[in-house]
Each structure stands twice: as C-alpha cells, then as structure tokens.
Amino acid sequence: SEGMFADYWKQHYEMISRANDAIANLHKAPLSEAKFNRLMSESKFFRAYAYYRLNMVYEGVPVYLEPTKAEDFTKGREPADSVWQTVVADLTDCINDNDFPGRYDAGNTLYGRATKGAAYALRGKVYLWLKEWAKAESDFKKVGEAGYSLFQGDFGDLFTEENERCPEMIFSMQCIRT
C-alpha cells in the first residue's frame, strides 16, 4: 500500500506489458528484417530489465511473456531463480541477434538505445545474483569487447554533459544542464 512500492511495481509491469505488446506485434509492421530483429532485441532487453529490477526488490514476481490485459494480471509469484532464468533467456536472445549492435558511437542517431553491450552487462549482473561468478566475469569481458571502456579522465569530469556519451556509458540517462 506504500506509494513508493506500488508505483515501482506498476511502472515496471507497464514496461513489461509494452515490451510484450511489441514482441507480439512487431511482425505486423512494415520493417526490414534487420530493423525488426533490432527492435525485437530492444523489446526483450527492456522486458528483461524490468524483471531484473523487480526481482532485485521482491525476490520473485509473477512472470508474463505475452500481452496481458490489466485485469488479467493475476498470476502468483514465480520463485526468484525462475525469474532470473527468464531474464537470462531474454538477454541471451538479444546477445545472439546479429542485428543487435554491440555499441552505438556517440555521433550515431540511435545512441542511447539498448545494445548488445548493455545486454551483456545486465546478464552479467544476473549471474552475480545467481552466484555464477565465471559466467558473470565472461559477460563483463564481453562488454569491453563490444566497445565500452573505462573513463580515462578525472572522476568528476565523467559526470559532465560533454562526457555523457563517453565509452564508459553503457546504458545511461541523457541529461542537459539547464
């Protein structure tokens, strides 16, 4: 009943609902195969991201992988490990998609969207929750191979507008100082 938790729950299930809708209906849009595959991977990334965030807080949540009406969200909780496996499956699909880019360069008009590097980073974090250390390490190495790297300047400079698109930013919120 606490607003903070209710809103958290609602916001993440809304993201899941929208991702499920996209996954179920993208085939109806007139898209090239490459764009269709990229958008499917982006949708699966966001669904995985939402389940990751929910599972961190609640350690087991209901899992919906198909479009569902709001009044039909009535399933019971899945065990946390089952939710983690759902997240891993979606992220593995993203990683295996040849049309899902490893990273967008700062000048690319698609910069800021989900990428294969972000999928590796998120899956690595799931493996940490599962205590699968070797798999986590392997995924984190793949983040670097996707083109991401540690910031080479002073720490404080990382959080400035001119460095918002540096190679350390895996999946960041873009802000403009006003």
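What follows is a conversation between a visitor and a guide about a predicted model.

Visitor: Let's start with the helices. How do you know that α3 has the span expected of a helix with 17 residues?

Guide: At 1.5 Å a residue, α3 should span 24 Å, and its end C-alpha atoms are 24 Å apart, so the two agree.

Visitor: And what makes the span of α1 agree with its 23 residues?

Guide: Same kind of check. The expectation for α1 is 33 Å and its end C-alpha atoms lie 32 Å apart, which agrees. For α2, the 26 residues reach 37 Å from the first C-alpha to the last, close to the 38 Å expected at 1.5 Å a residue.

Visitor: What comes right after α2?

Guide: Glutamate 59 follows α2, with a positive phi near 50°. That's a positive value in a residue other than glycine, and the residue sits in the loop between α2 and α3.

Visitor: Why is glutamate 59 called exposed?

Guide: Exposed means over 50% relative accessible area. Glutamate 59 has 53%, so it counts as exposed.

Visitor: Where does lysine 131 lie, and why does it count as exposed?

Guide: Lysine 131 is in the loop between α4 and α5. Its relative accessible area is 59%, over the 50% cut-off, so it is exposed. Phi of lysine 131 is near 60°, again a positive value in a residue other than glycine.

Visitor: Serine 172, then. Why is it called partly exposed?

Guide: The label covers whatever falls between buried, under 20%, and exposed, over 50%. Serine 172 comes in at 25%, so partly exposed is the right name. You'll find serine 172 in the segment after α5, and its C-alpha is 27 Å from that of asparagine 25, with their positions 147 residues apart along the chain.

Visitor: Let's go inside. Why is valine 83 called buried?

Guide: Buried needs under 20%, and valine 83 has a relative accessible area of 0%, so it qualifies. Valine 83 lies in helix α3. Leaving aside neighbours within four places in sequence, its contacts are Tyr51, Asn55, Gly60, Val61, Val63 and Glu78.

Visitor: Which other residues of α3 are buried, and what do they pack against?

Guide: Along with Val83, the buried residues of α3 are Trp84, Thr86, Val87, Val88, Asp90, Leu91, Cys94 and Ile95. The buried residues of α3 pack against α2 and α4. Over in α1, the buried ones are Tyr8, His12, Tyr13, Ile16, Ala19, Asn20 and Ile23, and what covers them includes α2.

Visitor: Which residues have the most contacts inside the largest nonpolar core?

Guide: Phe45 and Tyr51, in a core of 32 residues. The elements giving two or more residues to this core are α1, α2, α3, α4 and α5. As a general matter, nonpolar side chains tend to be buried together in soluble globular proteins.

Visitor: What does tyrosine 51 touch?

Guide: Setting aside neighbours within four places in sequence, tyrosine 51 is in contact with Tyr13, Ile16, Val61, Pro62, Val63, Tyr64, Val83 and Val87.

Visitor: Tyr64 is on that list. Why is tyrosine 64 called buried?

Guide: Its relative accessible area is 5%, under the 20% limit, so tyrosine 64 is buried. Its place is in the loop between α2 and α3. Not counting residues up to four places away in sequence, tyrosine 64 touches Tyr13, Ile16, Asn20, Arg47, Tyr51, Asp72, Phe73, Thr74 and Lys75.

Visitor: Which residues line the largest pocket?

Guide: Tyr64 is one of them, with Trp9, Lys10, Tyr13, Glu14, Ser17, Pro62, Ala70, Phe73, Thr74 and Lys75. The pocket has a volume of about 210 Å³. By class, its lining has 6 nonpolar, 2 polar and 3 charged residues.

Visitor: How many cavities of 30 Å³ or more are there?

Guide: The count comes to 1. The largest cavity holds about 70 Å³ of space, which clears the 30 Å³ mark used in the count. Residues lining the largest cavity include Arg103, Tyr104, Tyr148, Phe171 and Ser172. That lining has 6 nonpolar, 3 polar and 2 charged residues.

Conventions: Residues are numbered from 1 along each chain as its sequence is written. This is a predicted model: local features need pLDDT of at least 70, side-chain atom pairs count only at pLDDT 80 or more; totals for chains, interfaces and linings use all residues. Side-chain values use heavy atoms; hydrogens and water are left out. On a 1 Å grid over the protein atoms alone, a cavity is a set of points where a 1.4 Å probe fits but cannot get out, and a pocket is an open set with protein on both sides within 12 Å along at least five of seven lines; lining residues have an atom within 4 Å of a point. Grid points are joined across faces, edges and corners, and a volume is the space filled by probe spheres set on the points. Ala, Val, Leu, Ile, Met, Phe, Trp, Tyr, Cys and Pro count as nonpolar, Asp, Glu, Lys and Arg as charged, and the others, Gly among them, as polar. A nonpolar core is a set of buried Ala, Val, Leu, Ile, Met, Phe, Trp, Tyr and Cys residues joined through side-chain atoms within 4.5 Å. Buried means under 20% relative accessible area, exposed over 50%, partly exposed in between (1.4 Å probe, protein chains only). Helices (H or I, at least four residues) and strands (E, at least two) are DSSP runs, numbered from the N terminus. Contact means heavy atoms within 4.5 Å. The expected span of a helix is 1.5 Å times one less than its number of residues.
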